[in-house]
Amino acid sequence: MSLTPTHPVPIPHGRVFAGIRATSDQHIGNYLGAINNFVDLQERFDCIYSVVDLHSLTTLTDTDALADNVHETALILLAAGIDPARTILYVQSHVPEISELHLLLSMVVPNGWLMRVPTFKEKAREQPDNVNYGLVGYPVLQTADIVMYKATHVPIGKDQLPHLELAREIVRRFNQHFGQTFPEPQPELTNAPLILGLDGQRKMSKSLDNHIPIAASDQDTAKRIRSAVTDPQRARRTDPGRPDVCNVYSLHEFFDPEKRPWIYEQCTTAGIGCVDCKGLLSDAVNDRFRSLRARRDELAAKPDDVRAILADGADRAQAIAKDVLLEVQQRMGLPPQR
Ligand code: SF4
């Protein structure tokens, strides 16, 4: 069934949506893989960024800290260069229309699509005592986040393409049933590098405690980098090292690429030791984030200003969301509201 809405919301020209999970420790993997890119996209797109607190509830851990984590994530995004004058930055739960759209979209999504999602199976293995509906419906909520604003582009790395494809399938199915409503969101592929953690084995992640927080002090950054795994065969300072198997060397690429040839030569000839090499990396990381950390601290001292920015973002997001939700309700045949 497709009903004609009274005021269909036009599809915008070039609108980006991205959701950022709330965490107390946004780390350099998040920065290099996503946040940096979100800042750049503001030059080319109308951007809407959401701190997705509802998504965090699926694991039911850290809920006591959730509000603080949302605030901290907003601090980092603003300090990194998200400009609230031109970009909408808001908190997911502050726009309740998303939850209703999630419910309405759930009516067109076959269960089998959701049960097959690899991340659902992975989470179900990780938390067998709490395989909740939110985990199953996660991709539907993600789709609601995107289509709530008729976003045309979603910035993702190649590894996330299957997630976006599921959102696109949901959009196609909705449009087939109820008429052309949403654009199929396109991937805005980022050159998101795979940032390994300090263990040199797995993707950098706070939950694996192998991360370097963006907002850490210079001293804490140096301390964490000192713990990084290097070339396991380099047992003594006088042994030549193998930069090609060393994650510290990989990280230099992102923070001081011009020094890499020199480090390569010094490492392979035992000219420098790993302690020196890590010290250089710490200095480069601290230099890169010095101004961001200062801006973050300034914002942290003015929590009411940050809350006002998020409230304004929620108002602007909600103004769009209300119209889109009304269109969806009408297309699905729900009776007019009182
Ligand atoms: Fe890695 Fe640097 Fe040590 Fe070489 S000197 S093994 S690149 S940390």
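These legends describe close-up views of a predicted model.

**View 1. Strand E3 is covered on both faces.** Strand E3 spans residues 88-91. Ile-88 and Tyr-90 lie on one side. Leu-89 and Val-91 lie on the other. All four of these residues are buried.

**View 2. Strands E2 and E3 run parallel.** Strand E2 covers residues 46-51. Its pairing with E3 is made over four bridges. One residue to look for is Val-51, whose bridge partner in E3 is Val-91. Val-91 is also among the buried residues of E3.

**View 3. Tyr-31 meets Phe-289.** The model holds eight aromatic pairs. In this one, the ring centres of Tyr-31 and Phe-289 are 5.0 Å apart. Their planes stand at 85 degrees, so the pair is edge-to-face. Tyr-31 belongs to helix H1 (residues 28-41). Phe-289 belongs to helix H12 (residues 274-300). The two residues are 258 residues apart, so the pair links distant parts of the chain. Tyr-31 has a relative accessible area of 10%, which is under the 20% limit, so Tyr-31 counts as buried. Phe-289 is at 0% relative accessibility and is buried too.

**View 4. Tyr-90 meets Tyr-149.** The ring centres of Tyr-90 and Tyr-149 lie 5.9 Å apart. The planes make an angle of 75 degrees, so this pair is edge-to-face. Tyr-90 sits in strand E3. Tyr-149 sits in the loop between helix H7 (133-147) and strand E4 (153-156). The pair links distant parts of the chain, 59 residues apart. Tyr-90 is buried at 0% relative accessibility. Tyr-149 is buried, with a relative accessible area of 0%. Phe-17 joins Tyr-90 and Tyr-149 in one aromatic cluster.

**View 5. A charge sits over the ring of Tyr-249.** The charge is the charged end of Arg-260. The distance to the centre of the Tyr-249 ring is 4.0 Å. Tyr-249 is also one of the residues around the ligand.

**View 6. The ligand takes up the largest cavity.** Four cysteines appear among the residues around the ligand: Cys-246, Cys-267, Cys-274 and Cys-277. Thr-230, Asp-231 and Arg-234 are there as well. Val-248 and Tyr-249 complete the list. Helix H10 (247-255) and helix H12 are the elements that give two or more residues to this shell. Helix H12 also carries Phe-289, the partner of Tyr-31 in View 3.

Key:
Residues are numbered from 1 along each chain as its sequence is written. This is a predicted model: local features need pLDDT of at least 70, side-chain atom pairs count only at pLDDT 80 or more; totals for chains, interfaces and linings use all residues. Side-chain values use heavy atoms; hydrogens and water are left out. Buried means under 20% relative accessible area, exposed over 50%, partly exposed in between (1.4 Å probe, protein chains only). Two strands pair if DSSP finds at least two bridges between them. Rings of Phe, Tyr and Trp (its six-membered ring) pair if their centres lie within 6.5 Å; planes under 30 degrees apart count as stacked, over 60 as edge-to-face and the rest as tilted. A charge sits over a ring if NZ of Lys or CZ of Arg is within 6 Å of the ring centre and within 35 degrees of the ring normal. A residue is near a molecule or strand if one of its heavy atoms lies within 4 Å of it. On a 1 Å grid over the protein atoms alone, a cavity is a set of points where a 1.4 Å probe fits but cannot get out, and a pocket is an open set with protein on both sides within 12 Å along at least five of seven lines; lining residues have an atom within 4 Å of a point. A molecule sits in a cavity or pocket if more than half of its atoms lie within 2 Å of its grid points.
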